[in-house]
Amino acid sequence: MSKCEITFGKMKWKNPVTVASGTFGLEYAELFDLSQLGALTTKTITPEPKAGNEPQRIVETEVGLLNSIGLQNPGVDEFIKIDLPEYRKFDTNLIVSISASSINEFASLVKKLDTQPGIDAYEINVSCPNVENEGIAFGTDPEIVFDLTKKLRETTEKTLIIKLSPNVTSIMDIAKQAENAGADGLALINTLYGMAIDVETRKPKLHNIIGGYSGPAIKPVALQNVYKVAQAVHIPILAMGGISSVNDALEFIIAGATAIAVGTYNFVNPLGTLEIIDGIQEYCISHNISYKNLIGSIQT
Ligand SMILES: Cc1cc2nc3c(=O)[nH]c(=O)nc-3n(C[C@H](O)[C@H](O)[C@H](O)COP(=O)(O)O)c2cc1C
């Protein structure tokens, strides 16, 4: 049994490593046995299919990635029919990332997914527009995050993880409201806003002009968000944002994360998650510290 086993909400993970939503699909099963991960996290699923934004949707920058995929996904019915049976083949936890445009729509989506076997947790993507609040993202308003989490808490007994956006005034207030309303855990951070311009054409490089910025450049931003949120709440944190090495993963764990997710780095090194799983365990052995004691062990 791995020494780095964790409990995250109602889930037991064999190691503390998963993948960030939208950066990792079932195609990776051709490269390694996905059962080796502590959990699998799906791309965000919505009630109806979404074609996503027009290209150009991905732009590489000096130290990160800009994307404006626009939550492209087949919709929940197709997900249940085609993808879910494939995900079930792996002996690991399954976190289904979901998004909707109103609190009731979120609740209906969870109700529908709850009828299906093989789902261990929901990751609630609150970075999407809320039609009941002038299209402003759910995740920017602590009261709305409270109401949404409370409604979903009443709807499901499965592990509920609220995924926080860094594009807010106080991520700690939002984290606390999610905790107060009954969330089992928090995932952070989603992408920062970013853009790039081609100076020859003077056109934005993304068709959508502004997109989500991820990768190594956002790591220090993510790390301080995880550190601050870890001080503010008692529920476990799934940390992400630029993690590209064992060292990066360890920094987040020492800052207070119970688990970590690898995102953009999957595109650089599809086997990076496995190297990070091994590296965390080796660190614990060579530093004679249990994984449990490593979490939040920052010396300030
Ligand atoms: C191409 C791409 C697609 C993404 N799609 C989603 C998504 O569907 N849902 C979501 O919650 N986050 C999505 N994200 C955000 C990541 O899950 C993650 O929070 C963010 O990229 C920070 O981690 P990283 O720097 O390790 O990539 C996406 C990121 C990228 C790069």
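## The β5-β6 hairpin

In this predicted model, Thr61 stands opposite Gly64 in β6. Ile58 faces another residue of β6, Asn67. The two strands, β5 and β6, pair in the antiparallel sense, over four bridges. A hairpin of two residues joins β5 to β6.

## The open sheet

What is the strand order in the open sheet? It runs β5-β6-β14-β11, four strands with antiparallel pairing. β5 (58-61) and β11 (192-194) are the edge strands, each paired on one side only. From one strand to the next, the twist averages 35°. Strands of a sheet pair through backbone hydrogen bonds, either parallel or antiparallel.

β6 also pairs with β14, in the antiparallel sense, over three bridges. Leu65 stands opposite Ser214 of β14. The bridge partner of Asn67 in β14 is Gly212. Asn67 thus appears in two pairings: it stands opposite Ile58, and it bridges to Gly212. In a regular strand, side chains alternate between the two faces of the sheet.

## The ligand shell

The ligand has 26 residues around it. Which of them come nearest? They are Ala20, Gly22, Ser214, Gly263 and Thr264. Two elements give two or more residues to this shell: β6 (64-67) and β14 (211-214). These two strands are also paired with each other, over three bridges. Ser214, one of the nearest residues, is the residue opposite Leu65.

By residue class, the shell holds eight nonpolar, 16 polar and two charged residues.

## The nonpolar core

The largest nonpolar core has 78 residues. Ile161, Leu186, Val226 and Ile260 have the most contacts inside it. Helix α5 (residues 219-232) gives the most to this core, with six residues.

What does Val226 touch, beyond residues up to four places away in sequence? The list is Leu188, Ile237, Ala239, Phe252, Ala255, Gly256 and Ala257. Leu188, one of these contacts, also begins a cis peptide bond, described below.

## Val17 in strand β3

Val17 belongs to strand β3 (residues 17-19). Is Val17 buried or exposed? It is buried, because 27 other C-beta atoms lie within 10 Å and the threshold for burial is 20 or more.

Neighbours within four places in sequence aside, Val17 is in contact with Leu37, Gly38, Ile260, Val262, Thr273, Ile276 and Ile277. Ile260 is among the residues with the most contacts inside the largest nonpolar core. Thr92 is 75 residues from Val17 along the chain, and their C-alpha atoms are separated by 11 Å.

## Helix α4 and its packing

Helix α4 covers residues 171-180. Its buried residues are Ile171, Ile174, Ala175, Gln177, Ala178 and Glu179. What do they pack against? The partners are α3 (142-155), β9 (159-163), β10 (185-188) and α5. One of these partners, α5, is the element that gives the most to the largest nonpolar core.

Just after α4, Gly182 takes a positive phi of about 110°.

## Unusual backbone geometry

Most residues other than glycine have a negative phi, and most peptide bonds are trans. Several places in this model depart from that pattern.

Where are the cis peptide bonds? One runs from Pro55 to Gln56, with omega near 5°. Gln56 sits in the loop between β4 (39-41) and β5. Another runs from Leu188 to Ile189, with omega near 10°. Ile189 lies in the loop between β10 and β11.

Glu134 and Ile209 have positive phi. For Glu134, phi is near 55°. Glu134 lies in the loop between β8 (121-125) and α3. Why does Glu134 count as exposed? Because 7 other C-beta atoms lie within 10 Å, and 12 or fewer means exposed. For Ile209, phi is near 70°. Ile209 is found in the loop between β13 (203-204) and β14. Ile209 is exposed too, because it has 12 other C-beta atoms within 10 Å, and the exposed class covers 12 or fewer.

Terms used. Residues numbered from 1 in each chain as written. Predicted model: local features only at pLDDT ≥ 70, side-chain atom pairs only at ≥ 80, totals over all residues. Near = placed C-beta within 6 Å. Nonpolar A, V, L, I, M, F, W, Y, C, P; charged D, E, K, R; others polar. Pairing = 2+ DSSP bridges. Axes fitted to C-alpha atoms, helices over the stretch in contact; angles between N-to-C directions. Core = buried A, V, L, I, M, F, W, Y, C linked by C-beta atoms within 7 Å. Contact = placed C-beta atoms within 7 Å.
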